Amino acid sequence: MKIRIHITKRNIMCAAAVAVISVLSHILSGISVFNMILFPALYFAVKNIEIELNEKYNWLFLAGVIGVGSVLTTWLIQYLLLVEDLRIRISNRTFFLNICCVLFMYLAVQIFTNRGERTCMISHILLLVFAGINYFVYDFRGNELTFGDFKSVSTGLSVASNYRFVLNAQAMNTILLTVVFIAGIRKLKIQCGKVWLMRILCFSLAVCSFVYVAEKTQNTVTETWEQKGSYQNGYLLNFVLSIRDSFVKKPERYSEKLIRNLEKEYEDAQTSVQGKKPAVIVIMDESFADFSVLGDLKTNQEVTPFIDSLKENTIRGYALASVFGAKTPNSEWEFLTGNSMAYLPPGSVAYQQYLVEENAYSILDTMKKEDYTCVAMHPYYETGWSRDKVYPMLGFDEMYFLDDFDQSNLMRRYVSDAVMFDQVIKRYEEGKGKENLFLMGITMQNHGGYRDAYDNFKTDVYGTNVSYSDVNQYLSLAHQTDLAVKDLISYFSKEKEPVVICFFGDHQPSLNTAFYRRLNGKGLSGLTLEELEELYEVPFFIWTNYESESETVERTSLNFLSTMLLERAGIPLSPYQSFLSDLRKEVPAMNARAYYSNDRKRYVHYGEGSRKEEVWIDRYRILQYNGLFDNKNRSTEFFKHQQTEQEKTP
């Protein structure tokens with residue numbers, strides 16, 4: 001290998017141009033003075049170096065540049081997308097898996113170029129451009145770009161002109177370092193003889209990388225909440241996982257004939273409601289749980305005395321959720337659509353990965369047919385879980401987010417349930433006597449974590465047979481929810497107009513592992529299926545301010561809860577909801593893990609129930625697949641979507 005310095009006028013001019021860009025980057029984007037000087041110096045140095053490699057060692061040089069290039073590209077992508085506090089969260093294992101993803105790209109390009117320097121330039125630039133697209137997507141909407149976003153790329157392009165493209169210091173550092181890298185790699189001329197041998201070797205290594213990543217991520221889920229994908233999985237790996245999770249397998253016995261037969265069976269299911277229509281209010285309360293399902297927890301005072309006392313005109317019980325400790329939108333989606341997470345990949349989020357305008361059917365379609373105004377409330381950021389995009393697709397006419405709520409008296413860091421319920425009452429009063437109201441509120445008060453102390457929140461409920469600070473804080477929050485619910489029910493109990501309120505928790509909170517061990521004797525691992533399902537039980541009630549039959553439901557699940565609500569409200573069911581009502585008689589509760597078998601008198605994994613139960617489960621899976629994924633043959637009988645005025649406007 002020979003190295004010599006060759007300074008030319010052209011190289012000096014190029015270095016001067018990089019110097020100007022560096023200065024502007026310092027002024028406009030805020031890169032450091034050190035980097036402002038470093039990048040032009042590095043560029044000038046590599047630009048004026050000429051390297052002559054010994055062709056005898058081209059194979060070794062090729063392996064070196066592809067290896068170094070893969071590591072540099074991986075690091076720069078993470079540097080571009082994350083601040084330092086988040087970058088340090090990435091484990092070595094995760095970083096290596098991302099390197100394998102980048103290496104796959106490098107090897108694939110090398111097969112076609114047979115030139116090491118070209119492979120590095122093409123692969124690095126393409127991957128950095130791809131990461132740059134995600135950089136801007138996140139800046140626009142607060143969520144990462146996933147494979148599912150390409151289903152709606154035309155919509156994204158149509159609104160792109162409304163945004164400003166701004167490059168911060170990290171972005172400019174990435175660009176300038178890339179310029180230096182490209183200038184340096186161009187100095188290397190690496191072309192291997194025995195082209196077919198090289199291609200076979202690169203193909204084999206690419207396959208090995210693919211298989212290795214696939215094997216090591218079998219139990220790794222796609223993260224879709226803001227930038228968690230970038231620091232938990234690494235962005236490229238997270239995107240690859242989103243590709244994997246975007247393809248949902250068609251049920252084995254799926255057929256149009258079966259869909260048509262089910263249509264005939266339920267075609268006369270819905271009629272228009274007669275008489276006075278009640279206002280329908282749904283409260284999905286963040287992390288609201290009842291630990292009595294797990295074991296004997298004693299406290300210094302009752303945690304939820306009012307909710308526990310509700311019996312008159314009330315259906316109450318426990319419902320299975322599909323998530324524990326997080327992934328709120330999956331519970332929201334199961335309730336609104338009647339679908340189940342059982343038929344989607346583990347860890348996926350339907351809102352962001354599978355929902356498009358064509359398949360956005362929900363309970364709102366039934367409400368709109370009955371001339372209801374549909375309102376959504378969530379006292380947090382509108383971009384969370386892409387609700388600002390999802391809610392209009394589902395059919396909500398009005399949406400209220402964090403800026404629409406009083407934030408002068410937060411509880412910890414969140415809008416309290418009491419404040420949100422006041423907003424619910426206010427919105428009800430605005431339309432009283434003038435509209436039929438369906439309102440769904442998603443609270444934030446009880447959101448984790450529970451370990452920090454707050455000047456604006458007092459822990460006044462605590463365990464007497466267990467003592468954990470996070471548990472005590474959670475119990476105190478749940479008690480505040482109970483007080484807020486008492487005020488909400490008290491208000492509507494005085495109303496003359498009919499009102500139905502459905503209240504349920506989205507999932508149990510994630511607390512100290514030792515706490516669960518004290519309650520169930522095992523903790524969170526080594527559980528039987530029955531014990532595991534207890535971690536997914538959340539309390540619910542459906543209350544009316546008019547006379548109705550009281551009932552205690554031993555078990556149900558969130559995908560059935562909206563159908564139960566419509567039945568209690570006297571609103572005729574759609575064909576799909578009628579199917580769900582019949583399904584619930586055979587399979588009373590189900591979630592992503594298992595279902596309760598009436599015949600076996602216990603929870604069973606899918607495929608392990610009685611033949612009759614499995615037939616019903618199979619029909620459910622087929623209908624859900626048809627509604628979500630079979631765009632060409634989607635049943636209009638089961639999945640009619642009532643368009644909003646906004647959607648009707650061309």
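**Exposure, salt bridges and packing in the predicted model**

Leu 24 has a relative accessible area of 43% and is therefore partly exposed. The structure described here is a predicted model. Leu 24 belongs to helix H1, which spans residues 9-28. Together with Val 20, Val 23, Ile 27 and Leu 28, Leu 24 makes a nonpolar patch of about 480 Å² on the surface. Ser 22 is likewise placed in helix H1. In contrast to the partly exposed Leu 24, Ser 22 has a relative accessibility of 0% and so counts as buried. When residues up to four places away in sequence are set aside, Ser 22 touches Ile 31, Met 36, Phe 39, Pro 40 and Leu 176.

Helix H2 covers residues 33-47 and includes Lys 47. Despite its charged side chain, Lys 47 counts as buried, because its relative accessibility is 11% and the limit for a buried residue is under 20%. Beyond its neighbours within four places in sequence, Lys 47 is in contact with Arg 10, Asn 11, Cys 14, Arg 186 and Lys 187.

Salt bridges number 17 in the structure. One of them pairs Glu 370 with Lys 277, with the closest N and O atoms 3.6 Å apart. Glu 370 is located in the loop between helix H16 (363-369) and strand S5 (372-377), whereas Lys 277 is located in the loop between helix H12 (256-266) and strand S3 (279-285); the pair therefore ties together parts that are 93 residues apart in sequence. Both Glu 370 and Lys 277 are buried.

Another salt bridge joins the side chains of Lys 432 and Glu 495, at 3.3 Å from N to O. Lys 432 comes from the loop between helix H18 (417-431) and strand S7 (436-442), and Glu 495 from the loop between helix H19 (469-493) and strand S8 (499-505), so that parts 63 residues apart in sequence are tied together by this pair. The two partners differ in exposure: Lys 432 is partly exposed, its relative accessible area being 36%, while Glu 495 has a relative accessibility of 14% and so counts as buried.

A salt bridge within a helix is formed by Lys 585 and Asp 582, whose closest N and O atoms are 3.6 Å apart. These residues are separated by about one helical turn, because Lys 585 and Asp 582 are three residues apart in helix H23 (residues 575-586). Lys 585 counts as exposed, with a relative accessibility of 58%, whereas Asp 582 is partly exposed, with a relative accessible area of 24%. Elsewhere, salt bridges link Glu 256, Arg 260 and Glu 263 in a network.

Ile 363 is a residue of helix H16. Its relative accessibility is 1%, so Ile 363 counts as buried. Although Ile 363 and Leu 336 are 27 residues apart in sequence, their C-alpha atoms are 5.4 Å apart in space. Apart from residues up to four places away in sequence, Ile 363 touches Leu 336, Phe 438, Ser 562, Leu 566 and Gln 577.

Internal space was also examined. Rolling a probe the size of a water molecule over the atoms shows where empty space is left. Three cavities of 30 Å³ or more are present in the structure. The largest cavity has a volume of about 40 Å³. The lining of the largest cavity consists of Val 248, Lys 249, Tyr 343, Arg 621, Gln 624, Tyr 625 and Phe 629.

Particular backbone features are found in loops. The peptide bond that runs from Gly 448 to Gly 449 is cis, its omega being near 0 degrees. Gly 449 is part of the loop between S7 and H19. Ser 287 is not a glycine, yet has a positive phi of about 55 degrees. Ser 287 is placed in the loop between S3 and helix H13 (305-309), and its relative accessible area of 2% makes Ser 287 a buried residue. A positive phi, of about 65 degrees, is also adopted by Lys 327, again not a glycine. The loop between strand S4 (314-320) and helix H14 (328-337) contains Lys 327, which counts as buried at 13% relative accessibility.

How values were computed
Residues are numbered from 1 along each chain as its sequence is written. This is a predicted model: local features need pLDDT of at least 70, side-chain atom pairs count only at pLDDT 80 or more; totals for chains, interfaces and linings use all residues. Side-chain values use heavy atoms; hydrogens and water are left out. Patches are made of residues with over 30% relative accessible area and no salt bridge: like charges are joined within 9 Å, nonpolar side chains (Val, Leu, Ile, Met, Phe, Trp, Tyr) within 5 Å. Accessible areas come from the Shrake-Rupley method with a 1.4 Å probe; for residues, only the protein chains shown count as cover. A salt bridge is a side-chain nitrogen of Lys or Arg within 4 Å of a carboxyl oxygen of Asp or Glu. Helices (H or I, at least four residues) and strands (E, at least two) are DSSP runs, numbered from the N terminus. Buried means under 20% relative accessible area, exposed over 50%, partly exposed in between (1.4 Å probe, protein chains only). Contact means heavy atoms within 4.5 Å. On a 1 Å grid over the protein atoms alone, a cavity is a set of points where a 1.4 Å probe fits but cannot get out, and a pocket is an open set with protein on both sides within 12 Å along at least five of seven lines; lining residues have an atom within 4 Å of a point. Grid points are joined across faces, edges and corners, and a volume is the space filled by probe spheres set on the points.
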